[in-house]
Amino acid sequence: MTRPRHKSRPADQALTLTPIAITHSCFKDKFGVPRQPGLTRHAHAELLIQSPFDREDAFRGLETASHLWLTFQFHEAIRAEWRPVVRPPRLGGNKKIGVFASRSPFRPNSLGLSVVRNEGLIRKNGQLVLRISDHDLIEGTPILDIKPYLPFADSVPEASLGWAESAPTERADVAFSPEADEQLAGLAADDYPDVRALIEDVVSYDPRPSFRRGRDEERIYGANLYDLNVRFRFVNDDSKIRVEVISVC
């Protein structure tokens with residue numbers, strides 16, 4: 001008896017993807033999020049594993065992986081129509097390149113890919129949770145796949161791009177006001193892990209839009225980290241831009 005052959009899905013048929021997890025992040029919105037994972041070593045998040053994937057068996061062996069690949073959706077960057085060219089911030093926000101030559105969130109399928117540090121699987125209030133750090137995910141990000149990072153296969157030291165060969169090294173000096181220092185001192189470390197270092201990383205890389213970066217201005221900015229609104233401003237100090245964190249509340 002010949003078994004019926006399984007019919008494969010036509011290649012041009014749209015896929016329906018089910019999120020494996022939803023991100024509970026220290027970054028509550030897009031402003032202030034590092035432009036690439038790993039630019040801050042102090043960003044923590046929890047991936048809330050969704051049913052029917054919330055089974056320890058599905059993650060057996062993952063504890064040996066120091067880093068993970070996450071495929072996710074840029075859920076706040078979905079547009080009705082895609083555009084063939086984008087303006088990468090790394091090129092000053094002025095030069096256009098093709099969307100497939102970039103890491104822009106504004107893509108035809110709104111998919112992102114990040115390497116993050118694996119901080120372990122736990123049960124929290126009955127829910128299976130995968131803890132991560134060194135990430136660039138905002139609150140509510142749907143995680144579509146999780147894979148272990150394989151150093152021998154995934155690291156290509158001789159790889160090149162041409163316009164973003166290395167991590168940004170220019171960072172502004174950061175100073176905290178007495179009020180901000182006092183507010184930070186009152187925060188529980190378990191609830192706000194590495195929060196002072198996280199703030200320093202976020203503001204020192206100048207999260208402003210490209211056309212404002214490097215400027216001295218009176219405007220006060222705010223970044224939402226955890227349930228805190230971090231208010232800061234950029235000042236010119238002896239011809240060098242520095243950042244003053246005004247308050248953390």
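Helices here are DSSP runs of H or I at least four residues long, numbered from the N terminus. With that in hand, look at what comes after one of them: α3 is followed by aspartate 206, which has a positive phi, near 60°. Keep in mind as you go that this is a predicted model.

Let's back up from aspartate 206 into the helix itself. α3 covers residues 195–204 and lies across β9, β10, β11 and β12, running at about 135° to β9. How many of its residues are buried? The count is 7 of the 10, so α3 is largely enclosed by the rest of the structure. If you want to find them on screen, they are Val195, Leu198, Ile199, Asp201, Val202, Val203 and Ser204. The cover over these buried residues includes β9, α2, β10, β11 and β12.

Now for the strands that α3 lies across. They belong to an open sheet of 4 strands, in the order β9-β12-β11-β10, and the pairing is mixed. At the edges sit β9 (173–176) and β10 (220–225), each of which pairs on one side only. On average, neighbouring strands of this sheet are turned by 30° against each other, ignoring direction. Helix α2, residues 178–185, also packs on the sheet, where it touches β9 and β12 (240–248), and its direction makes about 50° with that of β12.

As a reminder, strands of a sheet pair through backbone hydrogen bonds, either parallel or antiparallel. Which way do β10 and β11 run? They are antiparallel, with 6 bridges joining β10 to β11 (residues 228–237). To pick out one pairing, go to glycine 222: its bridge partner in β11 is arginine 231.

Next, move to an arginine elsewhere in the chain. Arginine 107 sits in the loop between β5 (97–98) and β6 (111–124). What does a buried arginine do for a partner here? Arginine 107 has no salt bridge, and the nearest side chain of opposite charge, aspartate 136, is 12 Å away. Its side chain does reach the backbone oxygen of valine 99, at 3.3 Å. Leaving aside residues up to four places away in sequence, arginine 107 touches Phe74, Val99, Phe100 and Ser102.

Last stop: leucine 161, found in the loop between α1 (151–154) and β9. Its relative accessible area is 48%, so leucine 161 counts as partly exposed. Along the chain, leucine 161 and alanine 101 are 60 residues apart, yet their C-alpha atoms are separated by 9.2 Å.

Methods. Residues numbered from 1 in each chain as written. Predicted model: local features only at pLDDT ≥ 70, side-chain atom pairs only at ≥ 80, totals over all residues. Heavy atoms only, no water. Helix = DSSP H or I, 4+ residues; strand = E, 2+ residues; numbered from the N terminus. Buried < 20%, exposed > 50% of the residue type's maximum accessible area, 1.4 Å probe, protein only. Lys, Arg positive; Asp, Glu negative; His and termini not counted. Salt bridge = Lys/Arg side-chain N within 4 Å of Asp/Glu carboxyl O. Polar contact = N/O pair within 3.5 Å; in protein donor to acceptor, adjacent residues only side chain to side chain. Contact = heavy atoms within 4.5 Å. Pairing = 2+ DSSP bridges. Axes fitted to C-alpha atoms, helices over the stretch in contact; angles between N-to-C directions.
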